[in-house]
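Grab a viewer and work through these exercises with the coordinates open. Each one has a task and then a solution in steps.

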Amino acid sequence: MSTVVYYYTLTGHCEKLSGKIADQMHCETERIIEKKKRLSKGFLRFLNGGSAIQKRSAEVASVRNEPGQFDRIVVVTPFWAASPTPAVRGFVELYHQDLKGKKLGLVLTNLGTDPAEAFAKYQELFPEPLVKRSFTKAKGEWEDPREDELIREFVLEIDK
Ligand SMILES: Cc1cc2nc3c(=O)[nH]c(=O)nc-3n(C[C@H](O)[C@H](O)[C@H](O)COP(=O)(O)O)c2cc1C
């Protein structure tokens, strides 16, 4: 089964995690890139949460490997203010047709808010049910302490 992992990242966490997931799934990763640059440093980066709450879509560049050619598609992204990132909203709008009928996975990273609300909002965007997992960075660390176990669980579930 052909698989691809797309990721959106502002500060690097999802890039790192998507590489680990792709290693387990023996597939490639590709970054979702917004055409307009965003503030990514310091406290001001949290202002981006406003556009997520307002359901804004960002214009994203076309990906090299279009989703239509894969059977399984995994998207790794943070959530912002319990809402989808504008980049992933834009990505799903751009490739909505290509995502239909595919096996879809969604992996979220966050700093500790309950991801249930964000998962529900992301699910509304995608055309198929999502296999879901969320990763929460431990205090003072970069990774979720259960990262390896959660990746294994996710891969087993999307393999079914
Ligand atoms: C604008 C903005 C809003 C955020 N909102 C939340 C939130 O509601 N809950 C949460 O737990 N983390 C929130 N975070 C933290 C990110 O989800 C978390 O740091 C994520 O791992 C970042 O991924 P990245 O490094 O790939 O960009 C927010 C971060 C930003 C920049």
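**Exercise 1.** This is a predicted model, so let's start with a check on helix geometry. Work out what span helix α6 (residues 147–159) should have at 1.5 Å a residue, and compare it with the distance between its end C-alpha atoms.

*Solution.* Start by counting: α6 has 13 residues. The expected span is 1.5 Å times one less than that number, which gives 18 Å for α6. Now take the end C-alpha atoms of α6: they sit 18 Å apart, so the two values agree.

**Exercise 2.** Find out which residues of α6 are buried, and which exposed ones lie on the face turned away from them.

*Solution.* Begin with burial, where the cut-off is 20 or more other C-beta atoms within 10 Å. In α6, I151, F154 and I158 are buried. Look down the axis of α6 next: its buried residues fall within an arc of 65°, so they line one face of the helix. Then flip to the face turned away from that buried side, and you'll meet the exposed residues D148, E149, R152, L156, E157 and D159. Finally, ask what the buried residues of α6 pack against: α1, β3 (72–78), β4 and β5 (130–136).

**Exercise 3.** Decide whether Y6 counts as buried or exposed, and list its contacts beyond four places in sequence.

*Solution.* Place Y6 first: it's in strand β1 (residues 3–7). Count C-beta neighbours inside 10 Å and you get 23, so Y6 is buried. Leaving aside neighbours within four places in sequence, Y6 is in contact with E30, I32, V63, I73, V75 and F91. One more distance to check: the C-alpha atoms of Y6 and T29 are 5.6 Å apart, although 23 residues separate the two along the chain.

**Exercise 4.** Describe the shell around the ligand: which residues come nearest, and which elements each supply at least two residues?

*Solution.* The ligand has 21 residues around it, and T11, H13, C14, N110 and T113 come nearest. Sort the shell by type, and you get nine nonpolar, ten polar and two charged residues. By element, α1 (13–25) and β4 (103–110) each supply at least two.

**Exercise 5.** Step back to the whole chain and compare its radius of gyration with the globule rule.

*Solution.* Tally the elements: six helices and five strands. In sequence order they run β-α-β-α-β-α-α-β-α-β-α. The radius of gyration is 15 Å, close to the 15 Å the rule gives for 160 residues, so the chain is as compact as a globular protein of that length. As for contacts between residues at least 6 apart in sequence, 76% join residues at least 24 apart.

Conventions
Residues are numbered from 1 along each chain as its sequence is written. This is a predicted model: local features need pLDDT of at least 70, side-chain atom pairs count only at pLDDT 80 or more; totals for chains, interfaces and linings use all residues. A residue is near a molecule or strand if its C-beta atom, placed from the backbone, lies within 6 Å of it. Helices (H or I, at least four residues) and strands (E, at least two) are DSSP runs, numbered from the N terminus. Ala, Val, Leu, Ile, Met, Phe, Trp, Tyr, Cys and Pro count as nonpolar, Asp, Glu, Lys and Arg as charged, and the others, Gly among them, as polar. The radius of gyration is taken over C-alpha atoms; the globule rule is 2.2 Å times the number of residues to the power 0.38. Two residues are in contact if their C-beta atoms, placed from the backbone, lie within 7 Å. A residue is buried if 20 or more other C-beta atoms lie within 10 Å of its own, exposed if 12 or fewer, and partly exposed in between; C-beta atoms are placed from the backbone. The arc is that of the directions from the helix axis to the C-beta atoms.
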